[in-house]
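Trainee: Hi! Could we walk through this structure together?
Mentor: Happy to. Let's bring it up and start with a single residue.

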Amino acid sequence: PVIRTILLRFVTFVFPAGAVWALLPLIASGQLGLGANGYGVLFAALGVGAVIGALGLGTLKRHLSSNTVLAVAAGLFAGALVGLAVASTIWVAIPLLMVCGFGWAATVTTVTAELQLFVPGWVRARALGILLVVFLGTQAIGAAIWGQVTAELGLRNTLLICAALLAVSTMMVA
């Protein structure tokens, strides 16, 4: 039951948060009017935020519990998605995507570490394998769903729906 809870918490974050990865080309070209170079800059902003998250997570974990880190990461990500939904320039999108990268790295790292700490050593590799299947499967299925939702409701509405789902995720782990 504990492992299922960890995986459920992970899915409730990855499903809506993964929309950023799936929809970033549309954000770059359709919403911000950027070409390939602009898309590269936005993608780099996600990476910079993830590096900051990875480097700062140790300090954060000394002051906050894992549940609090997960709630903060999801809350920050949700707020950044709301900002991205209305962003009209690359200069607004860059810091918002850095926040998304931070939230992504903090969540993936925290969940992976918690799973490894919980399961006994003899089954750790299997548990990590299951985590990877859940992680990548959720991203793949989510990308298809978010693409369809975007086709039906538009990019802004899709990002707002994802933000709302992340807010629910925040309440699940708080």
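Trainee: Where is Ala 44 found?
Mentor: Ala 44 is found in helix α3, which covers residues 36-63. Keep in mind as we go that this is a predicted model.

Trainee: Okay. Is Ala 44 buried, partly exposed or exposed?
Mentor: Ala 44 counts as partly exposed, because its relative accessibility is 40% and that class lies between the 20% and 50% cut-offs.

Trainee: And what separates Ala 44 from Ala 93?
Mentor: Along the chain they are 49 residues apart, while their C-alpha atoms are separated by 12 Å.

Trainee: Let me zoom out. How many helices and strands are there in the protein?
Mentor: Seven helices and zero strands. Reading from the N terminus, the order is α-α-α-α-α-α-α.

Trainee: How compact is the protein, going by its radius of gyration?
Mentor: The radius of gyration is 16 Å, and the globule rule gives 16 Å for 174 residues, so the protein is as compact as a globular protein of that length. Along its principal axes, the C-alpha trace spans about 50 × 35 × 30 Å.

Trainee: What share of the residues counts as buried?
Mentor: Of the 174 residues, 42% do. As for the accessible surface, the protein has about 8,400 Å², and 73% of that belongs to carbon and sulfur atoms.

Trainee: What about contacts between residues 24 or more positions apart?
Mentor: They make up 79% of the contacts with a separation of 6 or more.

Trainee: Can you give me an example of a buried residue?
Mentor: Take Thr 110, which lies in helix α5, residues 90-118. Thr 110 counts as buried because its relative accessibility is 2%, and the cut-off for buried is under 20%.

Trainee: Which residues is Thr 110 in contact with, leaving aside neighbours within four places in sequence?
Mentor: Leu 57, Lys 61, Ser 66, Val 69 and Leu 70.

Trainee: Now the helix packing. How do people describe it?
Mentor: Two packed helices are described by the angle between their axes and by the distance between those axes.

Trainee: Let's stay with α5, then. At what angle do α1 and α5 pack?
Mentor: The angle is about 165°, and the axes are 11 Å apart. That makes α1 roughly antiparallel to α5, since the cut-off for that class is over 145 degrees. The crossing of α1 past α5 is left-handed.

Trainee: Which residues meet there?
Mentor: On the α1 side, Val 2, Ile 3, Ile 6, Phe 10, Phe 13, Val 14 and Ala 17. On the α5 side they meet Gly 103, Trp 104, Thr 107, Val 108, Val 111, Glu 114, Leu 115 and Phe 118.

Trainee: And how do α1 and α2 pack?
Mentor: Helix α1, residues 2-17, packs with α2 at about 5°, with the axes 6 Å apart. The two are therefore roughly parallel to each other. Phe 15, Pro 16 and Ala 17 of α1 make the contact with Ala 19, Val 20 and Trp 21 of α2.

Trainee: One last pair: at what angle do α2 and α6 pack?
Mentor: Helix α2 (residues 19-31) and helix α6 (residues 124-153) pack at about 45°, and their axes are 8 Å apart. That makes α2 oblique to α6. In this pair, α2 passes α6 in a right-handed crossing.

Trainee: Which residues make that contact?
Mentor: α2 supplies Ala 19, Trp 21, Ala 22, Leu 23 and Leu 26, and α6 supplies Gln 139, Ala 143, Trp 146 and Thr 150.

Methods: Residues numbered from 1 in each chain as written. Predicted model: local features only at pLDDT ≥ 70, side-chain atom pairs only at ≥ 80, totals over all residues. Heavy atoms only, no water. Helix = DSSP H or I, 4+ residues; strand = E, 2+ residues; numbered from the N terminus. Rg over C-alpha atoms; globule rule 2.2 N^0.38 Å. Buried < 20%, exposed > 50% of the residue type's maximum accessible area, 1.4 Å probe, protein only. Contact = heavy atoms within 4.5 Å. Areas by Shrake-Rupley, 256 points an atom, 1.4 Å probe, with all protein chains shown as cover. Axes fitted to C-alpha atoms, helices over the stretch in contact; angles between N-to-C directions. Parallel < 35°, antiparallel > 145°, perpendicular 65-115°, else oblique. Left-handed = near helix turned anticlockwise from the far one by under 90°.
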